[in-house]
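Student: I would like to learn how to read strand pairing and confidence in a model. Can we work through one?

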Amino acid sequence: MNTTEITGTQLINLPVVPLRGTTAFPHTLFRLNIQTDDHDYSAVNEALSEKGDRELLLLTQKDILEDEPGIDGFYETGVIAEVEQVLQGPENSRGIVLSCVCRAHVLHLSSDDDGFRALVIRNEEPETPLTDESKELVYRLAHLISTENELRGKDALKNAYLAVISTEDLGKTADCIASALLNDYRHRQKILDCFDIYERTEALCSALQEEFEWAACEERIESSVRSSMEESHKEYYLRERLKAIQNELGDEEEDDEIRDYQKQIDDADLPDEVREKLEKELGRLAKTPYGAAESTVLRNYLDICLEIPFGKTASEKISVTEAREVLDREHDGLKEVKERILEYIAVRQISDNVKGQILCLVGPPGVGKTSIALSIARAMKRPAAKIALGGIRDEADIRGHRKTYVAAQPGRIVDALSDAGVMNPVMILDEIDKLSASPMGDPASALLEVLDPEQNKVFRDHYTEIPMDLSDCVFIATANYYDQIPAPLVDRMEIIEVSSYTENEKCAIALHHLLPKQLAQHGLAEDAIKITEPAMREIIRLYTREAGVRELERRIAALCRKVAMRTAEGKQNPVTIYSGKLKPLLGNPKYSEEKPEQTDLVGVVNGLAYTSVGGDVLEVEVLVNRGAGKIEMTGSLGDVMKESAKIAVSLVRSLAAAHGIDENFYKENDLHIHFPEGAVPKDGPSAGVTMTCAIFSALSGLPARHDLAMTGEITLRGKVLPIGGLKEKSMAAYRAGIKTVLIPRENLRDLDEIDAEVKKHLTFVPCDTIEDILSRALIGYGQEQQPAKRTRKSLAPTTDGRVRV
């Protein structure tokens with residue numbers, strides 16, 4: 001502490017401890033909690049040093065919100081205090097007990113790394129005896145405290161009252177009363193600023209009067225809240241308190257949130273029933289306390305309902321010419337599919353009242369069903385809303401949960417409308433064949449109302465509980481398997497089959513669409529990669545085996561990554577990829593050329609199958625061994641295919657005598673029927689004629705034509721029944737180099753759907769009975785036959801290392 005005498009006035013240089021939100025008074029004890037690493041603790045240490053004389057200055061900052069006030073951020077009157085005691089606190093905190101001595105007026109305030117320092121004038125106040133004027137102030141102060149004490153009851157201010165009426169030093173008593181009763185630090189500082197005891201007492205009376213009125217108002221608010229609040233709803237306390245404050249201030253305007261919701265309802269083009277429902281829920285929200293759980297439910301409900309685009313529609317300007325340009329630009333091939341879609345758009349162009357037409361695109365994965373649906377939306381100039389139905393097994397996913405449930409949400413139909421922003425979007429129901437029922441409900445049943453034009457005019461989601469008109473929406477569903485779509489849904493939809501792509505179509509798609517797309521995604525220039533057409537066909541044949549083009553796109557992406565690596569290494573582009581040069585870029589081929597056997601073999605017949613990736617050629621192998629009549633079937637066969645095998649054996653038994661086959665073959669021989677690629681599950685009845693022909697060939701010794709394939713279901717009487725998937729099966733035969741395909745006669749009607757390129761290279765032969773099949777498939781059938789003698793010479797190795805019979 002530095003002390004200087006200037007013309008009889010004592011100046012003191014003291015370290016400063018800033019106070020925030022409070023003020024100390026002379027003649028009182030004051031306690032601080034200080035961290036040992038704070039500047040405040042440095043001031044305490046200095047006061048306790050030999051030079052400090054245990055004194056420091058307590059100075060209040062003006063703005064309690066300011067974390068680091070400057071030298072102008074403090075009042076000019078403080079209190080000189082002596083450090084009485086330092087108490088050990090938890091960790092590095094200390095409790096400091098201070099004895100406040102007297103007022104001090106700050107002449108100069110400075111700051112350094114250790115904190116603030118002040119040059120102050122010390123004001124030691126002498127004891128002043130009471131005068132008539134001071135007695136009048138004492139009486140006034142005592143009366144004020146006595147009146148408040150009576151209002152509060154329980155002698156809450158009795159000690160303060162006794163201190164006033166027994167005072168002999170008015171100035172000291174005023175400081176003590178201000179320290180004990182005043183709460184607002186600004187009132188306290190105002191009293192501290194009064195060096196004159198009469199002004200100080202006058203200011204004290206005014207401040208007490210004001211704070212007593214505040215306390216009375218606060219008590220009324222508290223009483224109002226407590227009387228209107230049940231004991232079990234304490235969480236409403238803050239909201240009720242705010243309401244009581246607004247009522248006390250005379251502010252009865254609605255909450256901003258309620259006004260905002262009301263404005264949204266007023267501005268929206270809502271049907272009358274919807275508007276009435278939302279206003280009712282808004283009224284409930286206005287009466288619900290803010291913190292209540294129900295208020296959150298109501299807010300979520302209003303937010304979701306107001307996001308539904310009631311009254312907003314896409315202006316539909318349909319042009320068949322523009323739609324054709326969009327479809328041709330974005331999709332190669334698919335001629336019949338495009339024609340059917342254009343017919344649909346043409347009808348909507350002519351008539352605005354066409355409703356209820358629901359398209360379902362069925363085809364293998366990767367053939368562009370979803371992209372076609374998106375193209376339809378662009379052609380109709382409507383936003384598309386995609387609803388993924390794969391794996392859905394809960395009705396609530398479609399129709400929503402009732403909002404009484406915890407975390408309830410609307411169904412996907414409402415979400416789709418909100419995302420689209422209009423009430424007439426193109427809704428794409430993706431993977432509709434992947435729906436499944438569960439104990440929580442059947443989502444397919446929930447879709448019945450959505451897709452029925454007589455019911456979807458007033459569709460009600462369980463969550464929103466308001467009617468929505470879906471009749472203007474265009475619904476387009478996609479599926480991989482027709483037979484897995486629930487029958488009631490099939491009845492409401494028009495099925496359009498999207499078949500596998502031919503090699504020419506895949507090549508065109510890859511060169512015109514997939515390659516430019518992947519170049520852009522990999523940041524490469526348009527001419528960075530040039531793939532010749534023979535090279536692209538080699539990729540299709542040897543590196544992909546699919547109905548669509550997804551794997552093909554991944555292969556093109558792999559080529560783009562190779563070129564991107566070259567670009568990053570500073571090597572020159574562009575790169576031209578030729579046929580025969582793919583192995584260094586894509587590795588060893590994943591598949592071999594689909595080529596049939598080059599020789600006619602006994603017991604080996606080409607069948608045709610329809611798989612998830614399109615059509616496929618399956619070689620059926622039959623081996624006859626000496627045994628006890630056992631029939632062995634391998635190749636991951638399903639129940640239907642096993643039944644077809646039993647029918648085939650029974651049918652061959654009925655034909656045995658007429659064709660020179662030992663009639664007891666089923667007793668003396670074991671038959672082993674095998675479908676290669678045993679890891680791939682197989683099922684269905686269309687391999688019936690193939691198994692019959694293979695068994696007959698193995699037993700009779702007649703070789704089957706290697707350039708011929710067949711498909712068809714067989715009966716015990718030898719009749720050939722129609723099958724499905726002829727388009728995909730014929731395409732597989734075309735890829736494999738087959739020349740002739742035997743089909744059921746009733747499938748002749750399906751030849752119109754087969755690609756012209758495929759029909760150009762294949763000969764389709766209609767068959768009615770198993771005799772038609774055998775006469776065309778087996779070499780030497782119909783000539784005199786003797787029971788076949790099995791020798792080692794009938795075994796022939798195939799090109800892939802397997803042994804066929």
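Student: Which residue of S27 is the bridge partner of Ile-743?

Tutor: In this predicted model, Ile-743 has Pro-766 of S27 as its bridge partner. That pair belongs to a set of 5 bridges between S26 and strand S27 (residues 763-767), and the two strands run parallel.

Student: Which residue stands opposite Thr-740 in S26?

Tutor: Leu-708 stands opposite Thr-740. Strand S23 (residues 708-710) is joined to S26 by 3 bridges, again in parallel.

Student: What unit do S26, helix H26 and S27 make?

Tutor: They make a right-handed β-α-β unit, with H26 covering residues 756-761.

Student: How do side chains sit along a strand, and is S26 buried or exposed?

Tutor: In a regular strand, side chains alternate between the two faces of the sheet. For strand S26 (residues 740-744), 5 of the 5 residues are buried, that is, under 20% relative accessible area, so the strand is largely enclosed by the rest of the structure.

Student: Which elements have the lowest and the highest mean pLDDT?

Tutor: pLDDT is the predictor's confidence in each residue, from 0 to 100. Strand S29 (residues 803-804) has the lowest mean among the elements, at 26, and S26 has the highest, at 95. The protein as a whole averages 82, and 90% of the residues score at least 70.

Student: Where does pLDDT stay under 50?

Tutor: One such stretch is residues 784-805, for which the model has 45 contacts beyond four places in sequence. Another is residues 250-254, with 4 such contacts.

How values were computed:
Residues are numbered from 1 along each chain as its sequence is written. This is a predicted model: local features need pLDDT of at least 70, side-chain atom pairs count only at pLDDT 80 or more; totals for chains, interfaces and linings use all residues. Side-chain values use heavy atoms; hydrogens and water are left out. Buried means under 20% relative accessible area, exposed over 50%, partly exposed in between (1.4 Å probe, protein chains only). Helices (H or I, at least four residues) and strands (E, at least two) are DSSP runs, numbered from the N terminus. Two strands pair if DSSP finds at least two bridges between them. A crossover is right-handed if, with the strands pointing away from the viewer, the path from the first strand over the helix to the second runs clockwise. Contact means heavy atoms within 4.5 Å.
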